[in-house]
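Let's take a stroll through a protein chain together. Have the sequence and the 3D view ready, and follow along as we go.

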Amino acid sequence: MLLKEYRICMPLTVDEYKIGQLYMISKHSHEQSDRGEGVEVVQNEPFEDPHHGNGQFTEKRVYLNSKLPSWARAVVPKIFYVTEKAWNYYPYTITEYTCSFLPKFSIHIETKYEDNKGSNDSIFDNEAKDLEREVCFIDIACDEIPERYYKESEDPKHFKSEKTGRGQLREGWRDNHQPIMCSYKLVTVKFEVWGLQTRVEQFVHKVVRDILLIGHRQAFAWVDEWYDMTMDEVREFERATQEATNKKIGIFPPAISISSIPLLPSSVRSAPSSAPSTPLSTDAPEFLSVPKDRPRKKSAPETLTLPDPEKKATLNLPGMHPSDKPCRPKSE
């Protein structure tokens, strides 16, 4: 298990970000989705918890095979997804990631939002007071992001909001900017497989950090798009965007059409409509096929000739003279 606490400051208030984080998650998921890869929304509905009160529960499937490193792609199925379950009781949220193919893999994220610059060192005392963890500050303006994700329009050093007048953040902006808030995220990564645990857990934390940096940069860079939205309006945007994202992932047609096999009844075909279908084939997989041009081995004769039972045959055995007659059972 590898535990880290991330602190990401934003030039917003906690009340403002309640709308912004919903807008950012929906738009980011849509942008990162493509045919067969991305985020499929399975469930999104109100949820009530006896301790945390009213909230929203979402379940998603994150298809990301092409985003895995080569050593990971070698051991996972081609159609690979991670299940995300999230309970949003803003300003407190819980997010869990699991994978049925990797039962010993999980990510658990607890998030709390406060109007400060990341100065609350005891915010997770109830959850992880005695657990050793590294505290990592993420600067949305000055930390580098992977080059393939960089957009100048989403760079807080260059972007300035027309509606709020905030932006063009410079180094040290967290020391004196107002307003300011912080997303505190307690992230636990588990991959309890001997020989791979450290490598995988460190890799996952690197991915999590990149996603947090990119997502929070986008939430601020898109502030003029969501700043005037009401909760009803952002929920409608969320619903419409999720439908569009599921369609964007799309249904994969079979690679080979087999017209001689009748379709199963609809009651049997219960997979989600947005889940890619598995190609069907009557041929053996390539790794089981015998090459057609492979030469035949000559260690055995092409044909096998059996002795004629009508003819008396002599059996020559090692150490036996040809004149010796084989033993026969005595007749009564």
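Which backbone nitrogen does the side chain of Asn120 reach? Keep that in mind while we look at Asn120 up close; the model here is a predicted one.

## A close look at Asn120

To find Asn120, go to the loop between S6 and helix H3 (125-128). Its side chain reaches the backbone nitrogen of Ile123, at 3.3 Å. The side chain of Asn120 also makes a polar contact with the side chain of Glu114, at 3.0 Å.

If you leave out residues up to four places away in sequence, Asn120 touches Arg7, Glu114 and Tyr184.

## The whole chain

Now zoom out. The chain holds six helices and eight strands, and reading along the sequence gives the pattern β-α-β-β-α-β-β-β-α-β-β-α-α-α. Of the 332 residues in the chain, 40% are buried.

Take the contacts between residues at least 6 apart in sequence: 70% of them join residues at least 24 apart. As for the outside, the chain exposes about 21800 Å², with carbon and sulfur atoms supplying 53% of that area.

## The sheet

Eight strands form an open sheet, in the order S2-S3-S4-S5-S6-S8-S1-S7, with mixed pairing. At the edges sit strand S2 (38-49) and strand S7 (134-138), each of which pairs on one side only. From one strand to the next, the twist averages 15°.

Helix H1 (residues 14-31) packs on this sheet and touches several strands, including S1, S2 and strand S6 (105-114). The direction of H1 makes about 145° with that of S6. Helix H6 (residues 231-249) packs on the sheet too, touching S2 and S3, and the direction of H6 makes about 145° with that of S2.

## Strands and their partners

Let's start with S1 (residues 2-10), which runs parallel to S7 and is joined to it by five bridges. Here you can spot Glu5 standing opposite Val135 in S7.

Next comes S4. S3 and S4 run antiparallel and are joined by eight bridges; Tyr63 has Tyr81 in S4 as its bridge partner. On to strand S5 (residues 92-98): seven bridges join S4 to S5, again running antiparallel, and Trp87 stands opposite Ile94 in S5. S4 and S5 form a hairpin, with two residues between them.

Why is S4 largely enclosed by the rest of the structure? Seven of its nine residues are buried, so the rest of the structure largely encloses S4.

## The nonpolar cores

What about the inside? The largest nonpolar core has 53 residues, and those with the most contacts inside it are Tyr6, Met10, Leu12, Tyr17 and Ile107. Among the elements that give two or more residues to this core are S1, H1, S6 and helix H4 (197-221). H4 gives the most, with nine residues.

Tyr6 is a good one to click on. Not counting residues up to four places away in sequence, Tyr6 touches residues including Cys136, Ile138, Tyr184, Val187, His205 and Leu212. Apart from the largest core lies another one, of five residues, among them Phe57, Tyr89, Tyr92 and Ile94.

Note on methods
Residues are numbered from 1 along each chain as its sequence is written. This is a predicted model: local features need pLDDT of at least 70, side-chain atom pairs count only at pLDDT 80 or more; totals for chains, interfaces and linings use all residues. Side-chain values use heavy atoms; hydrogens and water are left out. Two strands pair if DSSP finds at least two bridges between them. Helices (H or I, at least four residues) and strands (E, at least two) are DSSP runs, numbered from the N terminus. Axes are lines fitted to C-alpha atoms, for helices over the stretch in contact, and angles run from 0 to 180 degrees between N-to-C directions. Contact means heavy atoms within 4.5 Å. A nonpolar core is a set of buried Ala, Val, Leu, Ile, Met, Phe, Trp, Tyr and Cys residues joined through side-chain atoms within 4.5 Å. Buried means under 20% relative accessible area, exposed over 50%, partly exposed in between (1.4 Å probe, protein chains only). Accessible areas come from the Shrake-Rupley method with a 1.4 Å probe; for residues, only the protein chains shown count as cover. A polar contact is a pair of N or O atoms within 3.5 Å; within protein, one must be able to donate a hydrogen and the other to accept it, and residues adjacent in sequence count only if both atoms are side-chain atoms.
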